[in-house]
Amino acid sequence: MFDKKVNLRYRRIFLSFFYAFIFFSFQSQAQTGKVVNGVLRDSTGLSVIAASVKLVSPQDTLQASSDVDGKFSFKNVKADNFNLLITSLGFRPFSRSFSFNGQSELDLPPLTMAFESQLLDVVNVTGGTLVTMKEDTIEYNAKDYRVRPNAMTEELIKKLDGVEVDKDGNVQAQGESVTRVRINGKDFFGGDVKTATKNLPADIIEKIQIVDDYGDQANLTGNRSGEPEKILNITIAEENNNGNFGQFGAGIGSKPDGDDAYRYQVGGMYNSFTGTRQFSVLANANNNNNQAFDFNARGSGARRMPGGGGQRMGAGIGGPGGFAGGSNGLTDSYSAGFNYRKDFNDQWTTYGNYSYNHSDNNLISSESIQDFFLDTTILRSTNATNNAISNNHRFDWNVEYKPNDKLFLKISPTLSIGNNNSSGYTFTYQSINNVPSNNIENINNDKSFTPNYGGSGLLNYKINDQGRNIFFNFSLNSAKTEQDQDRITNNIRFSNDQDSTNAYVRQLVDLNNKGLNGGTSVSYIEPLNDKSNLEFTYDFNFANYDNNRQASSMDLEGNVTPNPSLSNFYEYSFSTHRVGATYRYRTDKFVYQLGATVLPTRLRGHTTLGGEDLSFGRNGFYFVPVARFEYKASRTRSFNAEYRGNASEPTFSQLQPVTDVSNPNFPITGNPNLAAEFNHTLNLRYRNFDFQSGNIFFAVLNANVSQDKITTNRITTMDDSLGVVQETRYLNTSGNYNARGFYHYAKPFNNRKYVVSLRGSANFNNNISYANSVENEAKNWVLNQGLNVQINPKDWLEVRPGIDFTYNTTKNSLQNRTNQDITTWAASIFGNIYITPTLLWNFDVAKTSNSGYEGNVQANPLIINTFIEKQFFKNKNGMLRLQGFDLLNEQVSISRTVTENRISDSRTNRLARYFMLSFTYRFQKFAGRSGAMPDDDGPGRFERRDRPMGGPGGRPGGF
């Protein structure tokens, strides 16, 4: 039987860790002596990171390194006079004497590091983009990029080399999705990327950083492990950190084709920043598919936790009248939220956010699914209409405490609540080997309530200045789903072109699922010398699940009877203990680390299915190696290689040796003999920035090999009343591997008035699948090549043409499988043209040509969006805009998914052609600056605020 005492045991463990956490938090040692604070800059004003800084006096010999902002600090300095010795790759050694002059804390003026002589010609050039690498960070100076007046951050990001923004506002960097955004190093609206990129003005930004973030532990200790998360960090210029800015506006539009409601949008955002406080509030209401928050984005917290639930939301307000309609279906949305940060002093900081969203989405879709089973091909053509109404609340908060340079504490509570109603109708035509089999009608009405809450905390303590360190964190989270389902299935099976069977089933289902998960980690770092250290880690994680599915059947007369065969009750717990050791060696040129962990696991569960009781348990033990190598050939070139191993246990539903027939047409049978899946992952990355020419090159290669991959085996049978029944079983397979390559090359001309960018990718997947216990090997290639050109020859003209080609092919080892080839050409051109100094014409044209899709999924839309905008007032911060969206009324969304023995082509509706008239007012007022907006260099100019480069041959101001 399932161990009912497991929760009590976990609570005792967490109480012990909690008491230890409280104890350490008050053990900060009293500091004596004097303090030195400094910051390093190069001759262009950029931070110098990872420099070796040594403080020497007759009483002191102290060592430190500059951080990602070029800052360094020394505590407990005994002497009144001292000397600083600073060295860094690519810079001349720096030496200077300083004196406290009776002060107990000395804040040094910025120290400028001079480049080595052989690098002077590389740095002081005209026409190159100054992009800086800082280990896991790529930094772009916003002042090097032209944007039109009043542009939002998204427009600036689109110009960054190696960064792409798609039509829906999703951001990719070096071919990987950016999942979180921060402002000055802290999460902004819970890390919601689009809320920041579509609402923050570009002209307040100093730098944009793309960061491979390994979590708080890596940021505090410098030791990296696990898989990084792509972070967008926006640094606000210091002069813009003290003032108010924002926008508000409204728009009214026509009725889109096929809809009887006029389009509208109203909203605004207000930001108040001071040196120690940030406050932002946002509100929006519209019916043009423009949602303010992404409820899949959650605050990073103090320990990495599972992401929040709910459907993926769209972008921020983007300025009333901005183009929308990027998401599927037609959506009415109402949103509001705030973000707050306060630095009380050097020790206490708090920040967090609250967001609310109401959405009402109507979706029309069609799908063509091909399933392959030996000599049998099953084709399902589906047409569906769905309505989903959701109300989501999200609250994330963080409190940080740093009483001295040794101790750091962080507590992060979280809360999210979802309340959703959905209804839908689906009609499916099914054939077997091109012979009609059956028609299936599905009607569903569901209601759900999903409260989730939890918290996490961390403590980091620097035992000494040589690098000895201890790190501790924990998390505990509770999730619950309460759902009422009303499902009707009417299955009509054909025989000799006559209706032979009409199977009517109506299920009333109550779902009550509960989950409790958490964990804790401890890390101890022992320095071996000034270049190497040894880290010991222990990580404990657990998850408890209690799932209750109680089903009843209702006949046509309305009689309700319990149906045990469609019900399922199971509870289980899964826990892991990970113990590891890692050796790291670091120099100015390279870093490498070697390590390994052992991972014992334990799973226990109990299920009641179809009236049968079953208890189940298994133990596992895994060895996981880790290797990482970083080589920095120069300030502009680097190469990284990383190997990771990871074991994934099968889920309880995959293991339970009984058949779940809660969906009679798609029963599921587990396999208690499944082994864990083990993945070998290799990541290679190369970066090269040529300051002299301005050329930029990225290349990434990822490869993954899966041992004992858990694969489905679909068994197809015919039932007299149900028609085709596809039972899912599980087994372990070998021969599964995949690889992905990506590159980006950009070359600027004539002081970045012209930039040519090439990018390409190649994805290969080798998948092993089974149908009726017969193996099929599917080889899938997806090749992409793109060319983009940025053209800014004059102040009043900006044009960005581009073209992409994608080839998607699948070859199967079974001869009866249909090999698939999909080709897509996508051409686009975007432009801003100032007809007069205050009259702007914008156009955005995209043509897509597809071939190889099945049935009515095929589409080749030509999408034309355009607007004309009149700007008012001295600083052109009032904008009256008339826009046309999808002028040819061809907006549609299509996609192809290839998985194991299935190919799925889908098509969904999107917001059709409409026109909108809107007015937007944007305001800025910062300390020491008068007026609503910064003055422009001239009417209708694309802004670029160049900084002096220093020395002969420096970049001239303006262009």
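Author: Let's start with a working rule: a residue is called buried when its relative accessible area is under 20%. The structure above is a predicted model.

Reader: Thanks! Why does Arg182 count as buried?

Author: Its relative accessibility is 12%. The limit is under 20%, so Arg182 falls on the buried side.

Reader: What makes the contact between Arg182 and Asp187 a salt bridge?

Author: The nitrogen-to-oxygen distance between the two side chains is 3.1 Å. A salt bridge needs a side-chain nitrogen of Lys or Arg within 4 Å of a carboxyl oxygen of Asp or Glu, so this pair qualifies. More broadly, side chains of opposite charge can pair when their charged atoms come close.

Reader: And is Asp187 buried or exposed?

Author: Asp187 has a relative accessible area of 9%. That is under 20%, so Asp187 is buried too. The pair also belongs to something wider: salt bridges with shared partners tie Arg180, Arg182, Asp187, Asp213 and Glu229 into one network.

Reader: How do you know that Arg180 and Glu229 meet in a salt bridge?

Author: By the cut-off again: their N to O distance is 3.4 Å, and the limit is within 4 Å, so the pair counts. The pair links distant parts of the chain, with Arg180 in strand S14 and Glu229 in strand S17 (residues 229–236), 49 residues apart.

Reader: Why is Arg180 called buried?

Author: With a relative accessible area of 9%, Arg180 is under the 20% limit, so it is buried.

Reader: What makes Asp343 and Arg341 a salt bridge?

Author: Here the N to O distance is 3.7 Å. The cut-off is within 4 Å, so this pair passes as well. Both Asp343 and Arg341 are buried. Over the whole structure, the search finds 31 salt bridges.

Reader: What joins S14 to S15?

Author: There are 2 bridges between strand S14 (residues 180–183) and S15, and the two run antiparallel. Pairing needs at least two bridges, so this count is enough for S14 and S15 to be a pair. Ile183 has Lys186 in S15 as its bridge partner.

Reader: Which sheet order includes S14 and S15?

Author: They sit in an open sheet of 6 strands, ordered S9-S10-S16-S17-S14-S15, with mixed pairing.

Reader: What makes S9 and S15 the edge strands?

Author: Strand S9 (131–134) and strand S15 (186–187) each pair on one side only.

Reader: How do you know that S23 and S24 pair?

Author: The program finds 22 bridges between strand S23 (residues 376–401) and strand S24 (residues 407–432), in the antiparallel sense. The rule asks for at least two, so they count as paired. One of the facing positions is Ser390, which stands opposite Asn420 in S24. The two strands form a hairpin, with 5 residues between them.

Reader: And how many bridges join S32 to S33?

Author: Strand S32 (residues 612–632) and strand S33 (residues 637–648) share 7 bridges and run antiparallel. With at least two required, S32 and S33 are therefore a pair. Arg628 has Glu642 in S33 as its bridge partner, and a hairpin of 4 residues joins the two strands.

Reader: Why does Phe919 count as partly exposed?

Author: Its relative accessibility is 32%. Buried means under 20% and exposed over 50%, so Phe919 lies in between. Phe919 belongs to strand S50.

Reader: Which residues form the nonpolar patch on the surface?

Author: The patch is made of Ile252, Tyr262, Ile835, Trp841, Ile868, Phe872, Phe873, Leu880, Leu882, Leu917 and Phe919, with about 1000 Å² of accessible area together. Strands S46 (862–872), S47 (878–885) and S50 (914–926) are the elements that give two or more residues to it. Patch members need over 30% relative accessible area, so the 32% of Phe919 clears that bar.

Reader: Which element has the lowest mean pLDDT, and which the highest?

Author: Helix H2 (residues 120–123) has the lowest, at 30, and S47 the highest, at 94. The protein chain averages 81, and 83% of the residues score at least 70. Over residues 303–325 the pLDDT is below 50, although this stretch has 111 contacts in the model beyond near neighbours in sequence. Where pLDDT is low, the predicted coordinates should not be read in detail.

How values were computed. Residues are numbered from 1 along each chain as its sequence is written. This is a predicted model: local features need pLDDT of at least 70, side-chain atom pairs count only at pLDDT 80 or more; totals for chains, interfaces and linings use all residues. Side-chain values use heavy atoms; hydrogens and water are left out. Buried means under 20% relative accessible area, exposed over 50%, partly exposed in between (1.4 Å probe, protein chains only). Patches are made of residues with over 30% relative accessible area and no salt bridge: like charges are joined within 9 Å, nonpolar side chains (Val, Leu, Ile, Met, Phe, Trp, Tyr) within 5 Å. Accessible areas come from the Shrake-Rupley method with a 1.4 Å probe; for residues, only the protein chains shown count as cover. pLDDT is the predictor's confidence in each residue, from 0 to 100. Contact means heavy atoms within 4.5 Å.
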